[in-house]
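Thank you for sending this model; my notes follow as numbered points, set out after the structure itself.

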Amino acid sequence: MAPSRTRPAVLLASIGVLVAVMSLATVLGPAQISAGQVARSVFRWIPFVGDPVLSPQSQAILWQLRLPRIVLGGLVGGMLALAGAAYQGVFRNPLADPYLLGVAAGAGLGATVAIGARGSGFPALLVPLAAFVGAVIAVGITYALGRTVGNRTATTLILAGVAVASFFTAIQTYVQQRNTDTLREVYSWILGRLSTTGWREVIIVLPYMVVSAAVILLHRRLLDVLSLGDSEAESLGVDASRVRLTVVAAATLGTAAAVAVGGLIGFVGIIVPHAIRLAAGWSYRVVLPLSLVFGAAFMVIADVAARTLVAPAELPIGVVTAFFGAPFFILVLRTTRDAL
């Protein structure tokens, strides 16, 4: 029988895996920094314990480039995996992903408009903000469109998301054609990247992701009830519409924040939750917390591959996740065809 809740030992072991992956990522890169140097550099912040062992240049690479990128990758990956699992619970479909309701299309349009406006003096640092606003607007329109239909089911909301995504994508294509000189930068953003300028990006998205993750995790028991169906949930005293709206809003907020700083990184929200289900069962009291932890670990590994496989060049991280995600998606499709 699948476990109904996450055992503390399992959760601690998963966190241990994440810490090990992030620790390994700190020593991998074009700049050679050993594990011992990293450890002593960390301990030097404790009075009378450590001493500086890195050159100022290596110190800057570790603390201003590598560590912020690793932490940002963990946040983005964990949020995308958690949001994907939440969407799958709300819509009772293991193929649902964080971009289902138009988040990707809205963020893509927002970023494309912002990048195209560079020539008009639009600050580059506002591109993530434009992507975030575009994602939220797209999902807001999706929900408003879904509410105009008499039969407000999950299927209606998904169809509304498809329509809104198609509309926003068409506008984005038009904007790209009008600003051909920015195509390279737009496609770089669309394919996903975790380039940072220090801890600024981490600080910007952290509050949104913390709130989003907290709300989703607090609803993990209700998602188990919702998986029985709206009628059954209502008979147990659960307001299915309220739970769906709350979880979708939280997942959208977190996804929008992740997309704003990472671009359109695909498949994470499908690969990780489904792998957790195969290993630990279908209860969302298990799937949600483990998706958060292993999503972070998966993204850190993917980012290490992106920045080391073709060094000194760098692969778009979306290409790396798609390389693993596309075959896995086919596997999920085959194993869940009865649900479709």
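1. I begin with the lining of the largest cavity, to which helix 13 gives the largest share, 5 residues. The model is a predicted one, and the remarks below should be read with that in mind. The full lining consists of Ala25, Arg69, Ile70, Gly73, Met299, Val300, Asp303, Val304 and Arg307, and the elements that give two or more residues to this lining are helix 3 and helix 13 (284–308). By type, the lining residues divide into 5 nonpolar, 1 polar and 3 charged.

2. On the extent of this feature, the count comes to 1 cavity of 30 Å³ or more, and the space in the largest cavity is about 30 Å³.

3. Val76 deserves a separate point, since this residue is found in helix 3, an element that also contributes to the cavity lining. What relative accessible area does Val76 have? The value is 1%, and Val76 is therefore counted as buried, the cut-off being under 20%. Leaving aside neighbours within four places in sequence, Val76 is in contact with Leu194, Met209, Ala258, Val261, Ile265 and Met299, and Met299 is also one of the residues that line the largest cavity. Val76 and Val268, which are 192 residues apart in sequence, have their C-alpha atoms 9.7 Å apart in space.

4. Helix 6, which covers residues 154–178 and has 25 residues, reaches 36 Å from its first C-alpha to its last, close to the 36 Å expected at 1.5 Å a residue. Its buried residues are Ala154, Thr156, Leu157, Ala160, Gly161, Val164, Phe168, Gln172, Val175 and Gln176. As a general point, an α-helix has 3.6 residues a turn, so residues three or four places apart point the same way. Against which elements do the buried residues of helix 6 pack? They pack against helix 3 (56–91), helix 4 (103–116), helix 5 (127–147), helix 7 (183–190) and helix 11 (240–262).

5. Turning to the chain as a whole, the protein chain has 14 helices and 0 strands. Of its 340 residues, 49% are buried, while the accessible surface comes to about 16100 Å², with 68% of that area belonging to carbon and sulfur atoms. Among contacts with a separation of 6 or more, 76% are accounted for by residues 24 or more positions apart; the pair contacts listed for Val76, including those with Leu194 and Met299, can be read alongside that chain-wide figure.

Technical notes: Residues are numbered from 1 along each chain as its sequence is written. This is a predicted model: local features need pLDDT of at least 70, side-chain atom pairs count only at pLDDT 80 or more; totals for chains, interfaces and linings use all residues. Side-chain values use heavy atoms; hydrogens and water are left out. Helices (H or I, at least four residues) and strands (E, at least two) are DSSP runs, numbered from the N terminus. The expected span of a helix is 1.5 Å times one less than its number of residues. Buried means under 20% relative accessible area, exposed over 50%, partly exposed in between (1.4 Å probe, protein chains only). Contact means heavy atoms within 4.5 Å. Accessible areas come from the Shrake-Rupley method with a 1.4 Å probe; for residues, only the protein chains shown count as cover. On a 1 Å grid over the protein atoms alone, a cavity is a set of points where a 1.4 Å probe fits but cannot get out, and a pocket is an open set with protein on both sides within 12 Å along at least five of seven lines; lining residues have an atom within 4 Å of a point. Grid points are joined across faces, edges and corners, and a volume is the space filled by probe spheres set on the points. Ala, Val, Leu, Ile, Met, Phe, Trp, Tyr, Cys and Pro count as nonpolar, Asp, Glu, Lys and Arg as charged, and the others, Gly among them, as polar.
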